[in-house]
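Please look at the chain below before reading on. The paragraphs that follow lead through its backbone, its strands and the confidence of the prediction.

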Amino acid sequence: MKIIANILFCVFFLLVLVHSFGITLHAQDEPKKAKVNIESGYLEIRPELPDAAIYTKDDTGQVYIVHEGVEMWCDQAYVYLNDNFVKAYGQVKITQADTVTLNSKYAEYNGNTQFAFASGDVLFKDPKTTLKTDTLYFDRIKQQAYYRTGGTVRDTASTLTSRIGRYYAETKKYQFLSNVVINNPDYIVNSPQLDFYSETGDAFLYGPSTIKTENSTVYCDRGYYDTRANTGYFVKNSRVDYKNRILYGDSIYFDQNKSFASATNNIKVLDTVNKSIIRGHYAEVFRDKDSVFITKRAVAVTLRDRDSVYVHADTLQVTGKPENRIIKGFYRARMFKRGLEGEQPTSGKCDSIFVDQKKGITKLLRNPVLWSGENQMTGDTIHILSNTKTEKLDTLKVFNNAFLIQKDSAGYNQVKGERLIGLFTNNELDTVNIHKNAEVIYFSRNDKDELVGINNTLSSDIQLYLEEQQITGIRFLKNVDGKLYPPPELPENARILPGFSWRGDERLQQVEDLFKGKPAPILPKIKGIRLPEDEGEFFEDTPGDELELPEQSKLKAKDLQNRIEDPRPMTRKTDSIQTDSIRQPPDPAKDSQENASEEQEK
């Protein structure tokens with residue numbers, strides 16, 4: 001018994017020397033691996049645990065341990081000298097310089113592999129964020145932390161949750177996988193994969209993702225969002241939903257603070273209230289102002305009476321609340337209405353166009369021309385009025401220098417005056433009234449469609465009757481002068497009224513004619529957002545029997561291996577969108593002017 005007591009006393013004395021003078025112990029088989037150093041704590045040796053030195057906090061404070069730049073505090077530590085391994089209990093704190101801090105109820109630290117494991121109310125902090133989880137792995141060699149049982153990260157103003165998370169200390173990046181959610185007082189983000197940089201607040205979204213605010217929802221398969229500035233850039237199936245508008249585009253820039261969004265290439269803006277759609281290749285949407293600005297082959301399409309009305313201009317602007325939408329088109333404006341089955345199309349051209357959807361009025365301004373079937377009408381200004389209840393064409397008004405021309409096989413039927421009023425029935429012009437200083441040239445035919453004379457008459461007012469867009473009768477009010485000339489008696493030069501201008505070759509026959517004579521726009525090349533680099537798995541694919549795992553650890557070999565059921569991050573290996581960098585947020589304004597694509601719109 002004395003021999004055993006002496007042996008235990010010698011071991012105890014040696015451990016006291018190590019503790020008192022901070023001696024670093026080296027295992028004989030691994031001399032290059034620094035041993036953990038116990039700086040303070042009450043030492044206890046228990047016969048039933050001959051491999052462990054037990055340190056407990058005392059009056060001077062907690063147990064204090066250091067190793068290779070890591071400092072550890074705890075209420076009690078089991079130090080296994082042969083394995084260079086520590087098990088810490090009660091108010092555990094581990095710090096690495098000023099980069100990260102780890103708090104938990106229990107922790108393990110392997111000095112040989114510099115691998116730490118923590119459990120129980122785990123708090124992991126870097127300078128800007130705090131991670132809370134139940135279990136956490138920290139690899140000091142890789143400078144990475146990892147959890148896969150759910151975690152919550154708190155930023156300056158946001159809370160991020162996910163089932164799986166990985167932290168890269170060198171870049172201060174979190175990579176979240178599976179049910180990723182960002183909760184912010186101003187928005188909620190949902191994504192299957194999200195990379196978050198804690199220093200800047202930059203978030204990169206991969207896979208079908210949404211950003212919901214009080215007044216909008218952003219959708220994308222690839223996106224960038226500044227969680228502190230509340231701005232973002234989205235590509236790949238991107239769209240923004242407002243309460244009554246939906247914006248689509250190859251790329252979308254979004255500023256929540258200004259309630260602003262802009263989109264580039266293959267734009268589509270849906271007005272869900274007024275059954276209309278606007279297309280183009282660059283658009284700006286101001287939600288608070290209820291305003292949409294769109295250019296580059298901009299065209300607005302509105303459903304009216306089961307037919308579509310197209311409005312095109314170099315630039316389109318849509319303003320007003322849903323119940324009072326106004327469309328303005330500037331420069332080289334055109335309109336087209338195909339007509340229902342059996343109807344001829346209605347089309348027009350002008351410099352500018354104005355559409356008030358509530359009042360059902362369309363104004364063609366500056367050098368306008370309108371074709372209703374075979375009838376061409378020109379004047380200083382043209383107004384087209386629709387019945388707001390039936391959505392059918394109702395009235396046509398041409399102000400100042402009104403001129404109606406209809407081509408005849410022998411010439412041109414013509415009516416001119418100060419003002420023209422036309423009436424529609426079932427979207428077809430059937431009555432035309434010309435007021436003030438009216439004059440007509442009309443090729444009169446009999447029932448066999450034979451030319452019987454040419455009517456040239458002056459009158460204060462003239463009324464025309466049409467069937468199937470053809471003039472079938474004329475009524476003169478307060479005749480001034482005129483007669484029906486036999487064709488040979490009216491010279492060719494007298495068969496044209498002053499101001500005559502036939503523009504039939506400009507007439508729009510189909511939707512594609514909206515862009516006739518206009519070059520296809522040169523579209524900018526969209527900069528994508530590439531997937532992150534493949535940085536490998538957190539756990540190495542090491543067989544369980546080869547893992548350097550102390551016998552005293554609570555962990556099992558399976559705990560330090562990757563699980564098949566856990567999702568893997570999407571990486572650059574499968575990325576098809578090219579970009580120069582993912583760290584810097586793209587500049588949509590710059591992208592819209594530079595890197596022009598050589599491919600033109602078909």
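N84 lies in the loop between strand 6 (76-80) and strand 7 (85-96); strands here are DSSP runs of E with at least two residues, numbered from the N terminus. The model is predicted, so local features need pLDDT of at least 70 and side-chain atom pairs count only at pLDDT 80 or more, while totals for chains, interfaces and linings use all residues. Residues are numbered from 1 along each chain as its sequence is written, and side-chain values use heavy atoms, with hydrogens and water left out.

Although N84 is not a glycine, its phi is positive, at about 55 degrees. Most residues other than glycine have a negative phi. N84 is buried, with a relative accessible area of 0%; buried means under 20% relative accessible area, exposed over 50%, and partly exposed in between, with a 1.4 Å probe and protein chains only.

A second asparagine, N179, also has a positive phi of about 55 degrees. Where is N179 found? N179 sits in strand 15, which covers residues 173-184. Its relative accessible area is 61%, and N179 is therefore exposed.

Further along the chain, strand 31 (residues 393-408) pairs with strand 29 (residues 375-378) in the antiparallel sense over four bridges. Two strands count as paired if DSSP finds at least two bridges between them. Within this pairing, Q376 stands opposite I405 of strand 31.

Strand 30 (residues 381-386) runs antiparallel to strand 31 as well, and six bridges join the two. Here I384 faces L396 in strand 31 as its opposite residue. Six residues separate strand 30 from strand 31 in a hairpin, and E391 in that turn has a positive phi of about 65 degrees.

On the other side of strand 31 in sequence comes strand 32 (residues 411-425), and these two pair in the antiparallel sense over twelve bridges. One of the bridge pairs is K407 with Y412 in strand 32. The hairpin that joins strand 31 to strand 32 passes through two residues. In a regular strand the side chains alternate between the two faces of the sheet.

How far does the confidence reach? The mean pLDDT of the chain is 85, and 89% of its residues reach 70 or more; pLDDT is the predictor's confidence in each residue, from 0 to 100. Over residues 1-31 pLDDT stays under 50, and the model has 30 contacts for them beyond four places in sequence, a contact being heavy atoms within 4.5 Å. Residues 577-602 also stay under 50, with 53 such contacts. Where pLDDT is low, the predicted coordinates should not be read in detail.
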